[in-house]
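Okay, thanks for squeezing me in before coffee. Let me put the structure up and then walk you through it.

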Amino acid sequence: MKLMFLKSSPIKYLLAVVLALSSINLFAQDDDLMKMLEETSEEQNEPVIATFKTTRVINSHSTKTLGKKVLDFRITHRFGNFGAGSGGGIHNFYGFDNAANIRLAFEYGITDNLMIGVGRSKVQEVIDGFVKWRFLTQTTNNKIPFSVAVMGNTAVTPMRDPTGGEWTKFLHRVSYTSQLIIARKFGNVGSLEVMPTYVHRNFVDGDLHPTSGVQDENGLFALGVAGRIQLTGSSSIVFDYYYTFSEYRKDNTANPYYMPLAIGYEIETGGHIFHIDFTNSAGIIENQFIPNSSDTWTEGGFKFGFNISRVFTIGGRKKKRDVEE
Amino acid sequence: MRILLSITAIILFNFVQAQSIYKSSESFVTFFSKAELEDIKAENKATTSLINVTSNKIGVRVPIKGFSFEQSLMQEHFNEKKYMWSEKHPHATFEGKIEGDFDFSKDGTYNVTATGDLTVRGITLNRKIEGTFTVSGEEVKLQAEFYIPLDDHKIERPALVLDNIAEKVLVTLDITYEAYVPEK
């Protein structure tokens, strides 16, 4: 009885047509398997890879950490000042006769997101150890728009006390850096990162600012910016810069320090990554280049330098990762 | 009453149509490159595939980032522009027609070939690929093995690593299918 209305023929035909259309629709859909596959397969929340090729941009840390069981041997070399105005020039072959700083380091990936490293620099004979942990990785679907890492280091100088007895305690030789690194990769164009940073030196010189009279700060806040512009698949232009917030460093004519700026070219060949760069800082670790870059680009105080990174996979091979279906 | 019958028939017909689709429930895809200096292999469990047994069409979709390597550095290189360029070409696909006799309702082993478009790194080639269906009860297994010549898909073999990467890589597919009802 309820189906009585179906007896009126227009509705009957309409219904038949609608049903027939719906079945055609299903047919059509069934035949386009690729489209169906796209619709039915849930896209993985995939991590963005190669935001930076190596764990350093030039001097700065990048958000990259070494893969698990990967060992990285790094040589960071800075020649002397390039320009004659800062002691370089033709008579020491634009700084190539000198070595402003050399750092040799072994760095190792404990997990795919956690790494440690130990290095030794020429400047102040400083020995540094650091831990870096990347706790967020940018994803292709932008659910996580940034990669974020934290880096902490401790550096000790074993050099003979240059102050003539002011380093009364071992702790006077120690400095620390804590840093947050926030990076984003912009497709195949390049990557950019910012690094809010705090450097603490247990001992600072007692010199006062010539006009304001403030003393050098033990603790310094700095904000770093670094980037990578991709040229080809394996080469890029890289740069990093730090702005240090410091009263003592403001227009200090007696004891000037400058903001460290480095520009370089990065090339990757297999397991090697080379950087050739120019930087005004002699320091290679944050504890030195953030507070104590005493040369300026404007007077030729930049140095030619290079970074070499050679990675090895050591120990057992990487455990196979199951991809969630 | 006739109307009711035809409605039932159409609905039933739709249902039968739907039943003619088989969807992958499990998949295991590997590639293997055998070169003078180095063997490179990787595994992928994220492949999806559909077979329409009415039209005999097959579609396979392999997410490139789903390949897992023993060395993380290798995996990173594999995804780069020089090799697979997975950011630009996230999937390798095959879309083709299956030839040869097979019946998913009868247990047995069927040798088939599929002819169609193989797309790797954005380059589509017409390929004929041989495979085997093994039907046991509700489950259908597809096994296939074929070579992909790297040059054909514009995958570089830089001079420096010429002895590390084979000219063509062997790809194996092992996919299990189940009858699939599309959600409407």
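Let's start with a pair of strands in chain A: E8, residues 219-230, runs antiparallel to E9(A), and 10 bridges hold the pairing. The connection between E8(A) and E9(A) is a hairpin of four residues. If you want a landmark on that pairing, look for Ala222(A), which sits across from Thr244(A) in E9(A). I should say right away that this is a predicted model.

On its other side, E9(A) goes antiparallel with E10(A), through seven bridges. There, Ser235(A) has Ile267(A) of E10(A) as its bridge partner.

Now, which residues of E9(A) point to the buried face? Those are Ser236(A), Val238(A), Asp240(A), Tyr242(A) and Thr244(A). The other face gets Ser235(A), Ile237(A), Phe239(A), Tyr241(A), Tyr243(A) and Phe245(A), and these are not buried. As a reminder, side chains in a regular strand alternate between the two faces of the sheet. What I'd point out is who ended up where: Asp240(A) is on the buried face, while Phe239(A) and Phe245(A) are on the one that isn't buried.

Zooming out a bit. Chain A has 12 strands and three helices, and the 12 strands close into a barrel, going in order from E1 to E12 with antiparallel pairing. From one strand to the next, the twist averages 20°. And where does the barrel close? Well, E1(A), residues 70-81, pairs antiparallel with E12(A) over 10 bridges. Val70(A) is opposite Thr313(A) there, if you want to find the spot.

As for overall numbers, chain A has 325 residues, and 37% of them count as buried. Taking chain A contacts between residues at least 6 apart in sequence, 60% join residues at least 24 apart.

A residue I like in this chain is Ile290(A). You'll find Ile290(A) in the loop between helix H3 (286-289) and strand E12 (303-313). Is Ile290(A) buried or exposed? Buried, because 29 C-beta neighbours lie inside 10 Å, and the cut-off is 20 or more. Leaving out residues up to four places away in sequence, Ile290(A) touches Thr197(A), Val199(A), Leu220(A), Ala222(A), Tyr242(A), Thr244(A) and Pro260(A). So we're back at some familiar names: Ala222(A) and Thr244(A) are the two that face each other across E8(A) and E9(A). There's also Leu223(A), 67 residues away along the chain, with its C-alpha atom 9.6 Å from that of Ile290(A).

Quick stop at helix H2 of chain A, residues 33-40. Leu33(A), Met36(A) and Leu37(A) are buried there. Looking down the axis of H2(A), the buried residues fall within an arc of 105°, so they line one face. Turned away from that is the face with Lys35(A) and Glu39(A), both exposed.

Over to chain B. This one has 184 residues, 30% of them buried, and it has two helices and 10 strands. Along the sequence, you get a helix, five strands, another helix, then five strands again: α-β-β-β-β-β-α-β-β-β-β-β. For contacts with a separation of 6 or more, residues 24 or more positions apart make up 55%.

The largest nonpolar core has 35 residues, and the ones touching the most other members are Tyr22(B), Leu50(B), Leu142(B), Leu173(B) and Tyr177(B). Strand E10 of chain B, residues 168-180, gives the largest share of that core, five residues. There's a second, separate core of 14 residues, and that one includes Val126(A), Ala222(A), Ile284(A) and Ile285(A). Going back to Tyr22(B), its contacts beyond four places in sequence include Leu50(B), Phe104(B), Val140(B) and Tyr177(B).

Last thing, two backbone oddities. Most residues other than glycine have a negative phi. Asp251(A), though, has a positive phi of about 50°. Asp251(A) is in the loop between E9 and E10 of chain A, and it counts as exposed, because just 9 C-beta neighbours lie inside 10 Å. The other is Arg121(B), with a positive phi near 55°. Arg121(B) lies in the loop between strands E7 (108-120) and E8 (123-136) of chain B, and is partly exposed, with 18 other C-beta atoms within 10 Å.

That's my tour, happy to spin the model around for anyone.

Conventions. Residues are numbered from 1 along each chain as its sequence is written. Chains are lettered from A and ligands numbered from 1 in the order in which they are written. This is a predicted model: local features need pLDDT of at least 70, side-chain atom pairs count only at pLDDT 80 or more; totals for chains, interfaces and linings use all residues. A nonpolar core is a set of buried Ala, Val, Leu, Ile, Met, Phe, Trp, Tyr and Cys residues joined through C-beta atoms within 7 Å. A residue is buried if 20 or more other C-beta atoms lie within 10 Å of its own, exposed if 12 or fewer, and partly exposed in between; C-beta atoms are placed from the backbone. Two residues are in contact if their C-beta atoms, placed from the backbone, lie within 7 Å. Two strands pair if DSSP finds at least two bridges between them. Axes are lines fitted to C-alpha atoms, for helices over the stretch in contact, and angles run from 0 to 180 degrees between N-to-C directions. The arc is that of the directions from the helix axis to the C-beta atoms.
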